[in-house]
Every structure is written in C-alpha cells, then in structure tokens.
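Trainee: I have a structure on the screen and want to learn how to read it. Can we go feature by feature?
Mentor: Yes. Bring it up.

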Amino acid sequence: MIRLLAFILCLCPAFGFTQRASETSGAELRWLDRTTGELRSFIITIGNPVTLGPLEIHLQACRYPEGELTQDAFALLAIYHARSKGQLFEGWMVASSPAINALEHPRYDVWALRCKIL
C-alpha cells in the first residue's frame, strides 16, 4: 500500500495537486493461469463476485480520472481462495502499472484493465 501511495504522489506535478475521479460499479479484469496458459478477460460488478479456478474475486470500487473513462483505472479488489475463504489479496490495482500492487500467487495472475459503466 505504501508503494502505491508513493507512486501516486510522484505523479502529482505539485504538492497539493488533486485530480477528480469518477466511480463506476463495474470493471474489466484479466485472469491468467500460468500453468495452462489460459487467459480470460471478464466484467465484474460490485456485489457480484466472480470465481475463476480457485480464486473468488470481489470488486469493491473502480475509479478513473473524471471525464476520461478510457484513461487509467484504479480497482479496489479483494481476492479469496474459493474453498478455504482465506484472503489472498486486498487493495488497489492500477491498470497502467499492475506490478505496483499485484496478487502474489504462484499460479494465477489477476489485473485491472479498465472501469466499466454498466
């Protein structure tokens, strides 16, 4: 989380600069099974988790720069192991920089692509 905050602050051209953000109830994410090579893009909405493989993915928020839906997306996700319900990830994923705050799993990758207005 500290890395994400530092990244966001370094994008600000001057101290105190704020950018207005809009929020949607949906996001487009991508899921990768590194063992089989299976790759899926999917739409997720707040309150409707998606289960892929053993991962249960919950969207809590999706924000983007106001007036620029095609620009960067910031998705707040919680990812659980579907059977044990153990939490694997919780935090903001940044579409333009997925490595800043990524799901750390030996087999699966999940990353945000964009916010969706549904």
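Trainee: Is Lys85 buried, exposed or partly exposed, and why?
Mentor: Compare the relative accessible area with two cut-offs: buried is under 20%, exposed is over 50%, and partly exposed lies in between. Lys85 has 48%, so it counts as partly exposed. Bear in mind that this is a predicted model.

Trainee: Where does Lys85 sit in the chain?
Mentor: In the loop between β6 and β7.

Trainee: What does Lys85 touch, beyond its neighbours within four places in sequence?
Mentor: Glu56 and Tyr80. With Glu56 there is also a polar contact between the side chains, at 3.0 Å. For a distance along the backbone, take Pro54: 31 residues from Lys85 in sequence, and 9.9 Å away from C-alpha to C-alpha.

Trainee: What about the backbone angle phi at Lys85?
Mentor: Start with the general rule. Most residues other than glycine have a negative phi. Now the case here. Lys85 is not a glycine, yet its phi is positive, about 65°.

Trainee: Which glycine in a turn has a positive phi?
Mentor: Gly37, with about 80°. Its turn belongs to the hairpin formed by β2 and β3, with 5 residues between the two strands.

Trainee: How do I read the pairing of β2 and β3?
Mentor: Look at the direction, then at the bridges. β2 and β3 pair in the antiparallel sense, over 7 bridges. For one example, Arg30 has Ser41 in β3 as its bridge partner.

Trainee: And how many bridges link β2 and β8?
Mentor: 8, again in the antiparallel sense. There, Gly26 stands opposite Lys116 in β8.

Trainee: What is the strand order of that sheet?
Mentor: The order is β3-β2-β8, in an open sheet of 3 strands with antiparallel pairing. β3 (39–45) and β8 (108–116) are the edges. Each has a single partner strand, so one side of each lacks a neighbour in the sheet. On average, neighbouring strands of this sheet are turned by 25° against each other, direction ignored.

Trainee: Now a charged residue in a strand. Is Glu28 buried or exposed?
Mentor: Buried, because its relative accessibility is 14% and the cut-off is 20%. Glu28 lies in strand β2, residues 26–33.

Trainee: What does the side chain of Glu28 pair with?
Mentor: With the side chain of Arg114, in a polar contact of 2.6 Å. Now list the wider contacts, leaving out residues up to four places away in sequence. Glu28 touches Ser41, Phe42, Ile43, Ala112, Leu113, Arg114 and Lys116.

Trainee: Which residue in β6 would you use as a second buried case?
Mentor: Ala78, in strand β6, residues 74–81. Its relative accessibility is 0%, so it counts as buried. Beyond four places in sequence, its contacts are Glu56, Ile57, His58, Gln60, Gln87, Phe89 and Glu90. Ile57 is 21 residues from Ala78 along the chain, with 6.1 Å between the C-alpha atoms.

Trainee: How do the side chains run along strand β1?
Mentor: Follow them one at a time. In β1 (residues 21–24) they alternate. Ser22 and Thr24 point to one face and are buried. Ala21 and Glu23 point to the other face and are not buried.

Trainee: Which strand does β1 join, and in which direction?
Mentor: β5 (residues 55–65), by 4 bridges, and the two run antiparallel. Ala21 has Pro65 in β5 as its bridge partner.

Trainee: Let us step back. What are the elements of the whole protein?
Mentor: 1 helix and 8 strands. From the N terminus, the helix comes ahead of the strands: α-β-β-β-β-β-β-β-β.

Trainee: What do the totals say about burial and surface?
Mentor: Of the 118 residues, 39% count as buried. The accessible surface comes to about 7,000 Å², and carbon and sulfur atoms own 54% of that.

Trainee: And what about contacts between residues at least 6 apart in sequence?
Mentor: Of those contacts, 49% join residues at least 24 apart.

Trainee: Last, which elements have the lowest and the highest mean pLDDT?
Mentor: Helix α1 (residues 2–11) has the lowest, at 54, and β3 the highest, at 96. The protein as a whole averages 85, and 81% of the residues score at least 70.

Terms used:
Residues numbered from 1 in each chain as written. Heavy atoms only, no water. Buried < 20%, exposed > 50% of the residue type's maximum accessible area, 1.4 Å probe, protein only. Contact = heavy atoms within 4.5 Å. Areas by Shrake-Rupley, 256 points an atom, 1.4 Å probe, with all protein chains shown as cover. Polar contact = N/O pair within 3.5 Å; in protein donor to acceptor, adjacent residues only side chain to side chain. Pairing = 2+ DSSP bridges. Axes fitted to C-alpha atoms, helices over the stretch in contact; angles between N-to-C directions. pLDDT = per-residue confidence, 0-100.
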